[in-house]
Amino acid sequence: MSLRCPLTFRRLTLPARGSDCRHLQPFDLESFLRANGEKCAANWRCPVCNRPTPLDAIEVDQFVWAAAQALADVEEVRIDTMARVSPVVVKVCTDSQLSVALLMGKNRFHELSVRSRR
Ligand SMILES: [Zn+2]
């Protein structure tokens, strides 16, 4: 899943989705509001799946938001069935990423070490 907004390709600051959306990929709420601000809110549509997304159907994804904040230099993450987030592309390994790894427990370390051996 990309941590960039599909509308602006800028990094997600507030990842959001419509309540009817069936995809994982969020869009950036601020960019969405800027892009749609001049249209009637009843006609807003999700930039990912094009479903109707009126203002009261927008939900902020706090899980992705927390991951995007913690993994500041990561462009893309993988979320597994246990809701573990792992970076797909790591440019720079920072202290914040290390603390996320600690927060998420040793499973993630195991996962990372398994993957780096391939
Ligand atoms: Zn959607």
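**Exercise 1.** Classify Ala 57 in this predicted model: is Ala 57 buried, partly exposed or exposed?

*Solution.* Start with the count: 16 other C-beta atoms lie within 10 Å of Ala 57. Next, apply the cut-offs. Buried needs 20 or more, and exposed needs 12 or fewer. The count of 16 falls in between, so Ala 57 is partly exposed.

**Exercise 2.** Place Ala 57 among the elements of the chain. Then find its contacts beyond four places in sequence.

*Solution.* First, the position. Ala 57 sits in a loop. That loop joins α1 (29-36) to β3 (58-60). Second, the contacts. With neighbours within four places set aside, Ala 57 touches Gly 18, Ser 19 and Asp 20. Third, take one of these pairs. Ser 19 is 38 residues from Ala 57 in sequence. In space, their C-alpha atoms are 5.2 Å apart.

**Exercise 3.** Describe the fold of the protein chain from its elements, burial and contacts.

*Solution.* Count the elements: four helices and five strands. Read them from the N terminus: β-β-α-β-α-β-β-α-α. Now burial: 26% of the 118 residues count as buried. Last, take contacts with a separation of 6 or more. Of these, 45% link residues 24 or more positions apart.

**Exercise 4.** What is the mean pLDDT of the protein chain, and which residues have a pLDDT below 50?

*Solution.* Begin with the chain: its mean pLDDT is 82. A value of 70 or more is reached by 75% of the residues. Then go local. Residues 106-114 have pLDDT below 50. In the model, this stretch has eight contacts beyond near neighbours in sequence.

Technical notes
Residues are numbered from 1 along each chain as its sequence is written. This is a predicted model: local features need pLDDT of at least 70, side-chain atom pairs count only at pLDDT 80 or more; totals for chains, interfaces and linings use all residues. pLDDT is the predictor's confidence in each residue, from 0 to 100. Two residues are in contact if their C-beta atoms, placed from the backbone, lie within 7 Å. Helices (H or I, at least four residues) and strands (E, at least two) are DSSP runs, numbered from the N terminus.
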